[in-house]
Amino acid sequence: MEYYSLTALEYIKYYIMGIYYTWIDYPPVVRMCSLFLNIAVIYILISLLKNYIRAVKEARHNRKQKHYTELYEDKMEKVALSPNKMDPNEIAQAIELPVNYKMNVKKTSLFVPILRDLYHKIEDDENFNRSNWRNLTIALRMPTYFEKQMQSRVLKKRLAALKNITDDNTDLKEAVASRYLYARDEKLRMSSRLHVARYGTSYPFKIFTEDTKGYVSEELMVKLHNVFVYRLKNNLSIPNLVRWCNLYPINEKLRLFAVNEIRLLQSKKDCPELLDLLKDSKDEIFSLAIIKCLGELRYKKAEPELLRRYNYAAAAERGVIAEALGNIKSGNPEVIDFLVKDFKETTRAATKVRLLRNLYDYGAAGKAAYELLKKEAKEDDIRFFDHVECEYIDSRKYA
Amino acid sequence: MHNAISTFFDYFILFYSGGIILSYLIMIRFSFKRHKKRKIFHDPEYTIEILRDSPYTPGISIVAPAYNEEKTIITNVQSLLNLDYPDFEVVIVNDGSKDKTLELLIEHFDLVKVPYAYIEKIKTKPFRCVYATKSDNPLFKKLKVVDKENGGTKADASNAGINVVSNKYFICTDVDCVIEKFALYRCIWPLMQSQTRVIAVSASMRMLNGCIVKEGQMEKVLPPHSLIPLFQDLEYARSYLIGKSAFAAINGMINVSGGFGLFDTDVAIKAGGYDGDSFAEDMDMIARMIRYMCDSGEPYRIVQIPDICCWTEGPPTLKVLARQRMRWGRGLFQFFTIHRDMLFKRRYHTYGMISLPYVMIFELSAPVIELSGYLFILYLMLSGSLNWETMFLIFFTLFAFAQVLTMLVINFDMKFKGSFEKKSNYLWFILASTLEPFIYHPIIVYFALRGYLKHITGKKMVWGAMTRKGVKTSQ
């Protein structure tokens with residue numbers, strides 16, 4: 001008797017036929033159910049297997065990462081803090097890299113988190129040797145690794161590379177990052193622009209002002225501010241922010257951002273030009289940003305213009321003007337009269353508290369006016385005075 | 001007659017369950033797309049790094065009502081104060097506690113009564129006073145305690161807290177929840193990325209039962225090892241990673257949990273805050289916020305983030321679960337009674353046209369239809385006309401569908417390095433999912449129906465205290 005053994009494919013075939021014939025006389029819904037049931041079982045089994053493999057791989061990667069950290073981190077730290085200037089070959093010997101070490105995506109990627117953590121740890125250390133750090137990244141073949149990652153087809157890898165270059169402070173040719181300045185994907189485009197803006201040597205901000213239709217989200221503001229701070233810290237140029245307000249009135253958010261940056265970076269030299277802009281401005285939001293900026297930068301010459309504007313300003317603008325005048329603290333008696341008048345006119349609790357706070361902090365004359373106001377105050381308003389006077393309440397944060 | 005009923009029921013159930021499955025498939029598609037995008041673009045560590053020192057980072061207030069919490073209040077407040085964020089304040093509302101909650105707070109945080117200019121932007125039960133610290137400890141300076149008369153609901157206490165918040169955004173939570181250390185960064189980031197005004201952010205929550213907590217911070221996330229919280233953990237994971245993510249994708253978010261959610265203060269106040277009479281106060285507030293935005297013609301977004309930001313203790317016993325579910329059931333019914341005018345209205349966009357009808361058809365009516373299904377099967381069994389073969393096939397298909405959903409949830413969760421460090425802990429989810437249709441689901445249906453019945457009969461219902469078993473703490 002001859003035996004015939006079935007192949008795996010035949011088993012599958014007979015199984016499907018079995019199901020088909022079992023439910024052949026049933027309504028279509030029942031047959032669909034049987035089909036779905038089989039697909040679901042297969043999906044569940046594959047998912048379980050996939051998750052198991054993923055877990056095993058992750059555990060293996062973690063073990064390797066731990067091993068590399070233990071093996072190299074201390075040696076790398078010593079090199080980065082060493083006062084002696086070392087070239088890449090000397091560094092490779094000092095950290096005991098294998099003699100035949102070359103760039104390998106899997107192995108080199110293990111150095112990325114080590115470098116990142118180390119850089120954050122020693123960045124502000126006075127012994128930090130930047131030249132050694134640069135040579136260390138060269139010894140580990142990081143620039144080659146990142147260049148390769150930047151050329152990857154996978155979007156995530158390109159984005160991660162751009163971020164990691166910043167984190168590890170690896171020197172990468174500007175041209176490499178510039179490749180995606182006009183990329184179709186918005187995230188990649190912005191990452192690339194921010195990277196170039198951070199490290200660029202000529203005028204890397206041109207791209208932001210060119211793209212007038214580009215949306216300036218708060219995310220971009222945070223990142224651009226970060227770039228400005230970094231550049232100022234490293235004596236690199238930052239753009240002329242007043243020009244951003246002047247040249248590109250179409251992009252509303254960019255103008256506002258520029259004014260806010262002048263305020264945050266305490267760029268007092270821009271105040272006269274801002275005042276001129278305020279005089280010409282018909283845009284309420286833009287004017288408010290300038291008023292706030294002039295107030296916080298304590299630009300005394302802005303006072304007459306602010307007092308003039310107050311008379312025809314909307315309610316929201318009045319509050320901001322009052323606060324700005326309070327911040328300037330020029331000692332001008334006219335301002336005190338104005339703050340008192342505004343307090344009497346306003347009905348908003350938050351504005352009242354803010355005005356009182358400004359009066360309270362406005363030197364001896366301001367305090368005298370405050371006391372007078374308190375004596376005349378209505379019963380319902382007394383609580384605002386108590387609120388401002390209480391040392392345990394931060395009345396600047398009353399909303 | 002028998003045939004007519006049978007045919008009607010067959011087709012009705014066929015289309016109804018087909019609708020549920022189809023809606024789930026659509027939701028899976030939407031949530032998968034969102035998760036994939038987030039996986040590519042979102043880098044939580046980088047976000048924290050750049051927001052920490054940025055002057056653009058908006059301030060957040062955390063509002064947490066407390067009622068008779070003397071046993072845990074100090075640890076819980078300490079844990080809230082230890083969160084990592086550059087600009088935040090913690091507003092604890094003592095809702096007329098009868099124990100030593102307030103005294104303990106005063107003593108430990110060196111609090112004094114301050115003449116705070118309290119404005120009742122949202123009406124609440126009488127406010128007594130505000131306490132602030134006189135200590136120089138910068139952490140304590142972030143704390144404000146509002147003392148008020150007991151309003152009987154969390155909503156009333158939360159409203160009093162909202163009245164004193166001084167930031168543009170606030171998070172509403174429970175004082176006994178454990179909040180992830182970097183949760184505030186995670187919540188604020190989508191808001192800063194959006195081109196449209198974000199009025200609320202919903203973040204994922206999970207069960208605290210079984211986890212190990214150290215000094216108010218999560219030390220180790222473990223699955224609950226008792227059945228009821230385990231079922232609820234799976235239910236939460238499914239809801240946040242599939243349902244809510246999909247609704248957020250079409251900007252039709254139904255609910256931002258009362259346990260943890262970030263809101264735009266201005267919009268919340270203008271919408272009237274939480275409704276003290278509602279049993280689903282979180283769902284109700286979102287409806288009113290959406291109504292306000294749509295009526296004033298302003299574009300808005302409600303965002304859902306898959307990161308786990310908060311752990312809350314789930315009902316440890318059947319009795320507590322019954323109370324919770326009956327309240328939810330009643331709340332849902334009450335919600336549709338109040339907001340029925342938003343249904344199928346184009347003015348309310350996807351919320352009125354898709355989300356609300358979905359909830360009404362597949363959530364509000366589901367327990368009633370399920371009950372009628374059980375009764376119909378019983379009738380078929382008794383009359384001897386039940387086709388057992390077909391019944392089992394359909395049953396196993398639906399069972400397999402539930403398992404597929406669980407596998408998807410596990411996949412999503414693992415992608416975000418979500419709940420459990422040890423991957424084998426996900427087996428608990430598989431166990432729960434296997435038992436759920438036999439044990440948990442019928443119970444939930446029963447409690448929901450009882451909730452509906454209580455609402456229809458107008459029976460008085462009190463919130464009742466949520467019995468806590470407490471969590472494991474590491475030394």
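The following conversation concerns a predicted model and covers the contact between chains A and B, then chain B itself.

Student: How many residues does each chain give to the contact?
Tutor: Chain A contributes 41 residues and chain B contributes 37 residues.

Student: Which elements of chain A give two or more residues to the side that touches chain B?
Tutor: These are helices H2 (28-81), H8 (155-168), H12 (218-233), H20 (349-360) and H22 (382-389) of chain A.

Student: And which one has the largest share?
Tutor: H2(A) does, with 14 residues on the side of chain A that touches chain B.

Student: What is the make-up of that side by class?
Tutor: On the side of chain A that touches chain B, 24 residues are nonpolar, seven are polar and ten are charged.

Student: Turning to chain B, how many helices and strands are there?
Tutor: Chain B has 15 helices and 13 strands. Its radius of gyration is 23 Å, close to the 23 Å from the globule rule for 475 residues, so chain B is as compact as a globular protein of that length.

Student: What does the C-alpha trace span, and what percentage of residues count as buried?
Tutor: The C-alpha trace of chain B spans about 80 × 45 × 45 Å along its principal axes. Of the 475 residues of chain B, 45% count as buried.

Student: In which sense do E9(B) and E10(B) pair, parallel or antiparallel?
Tutor: Strand E9 (residues 212-214) and strand E10 (residues 217-220) of chain B pair in the antiparallel sense, over three bridges. Ile212(B) has Lys220(B) in E10(B) as its bridge partner.

Student: What about the residues between those strands?
Tutor: The hairpin has two residues between the strands, and Glu215(B) takes a positive phi near 45°.

Note on methods
Residues numbered from 1 in each chain as written. Chains lettered and ligands numbered in written order. Predicted model: local features only at pLDDT ≥ 70, side-chain atom pairs only at ≥ 80, totals over all residues. Contact = placed C-beta atoms within 7 Å. Helix = DSSP H or I, 4+ residues; strand = E, 2+ residues; numbered from the N terminus. Nonpolar A, V, L, I, M, F, W, Y, C, P; charged D, E, K, R; others polar. Pairing = 2+ DSSP bridges. Rg over C-alpha atoms; globule rule 2.2 N^0.38 Å. Buried ≥ 20, exposed ≤ 12 C-beta atoms within 10 Å, placed from the backbone.
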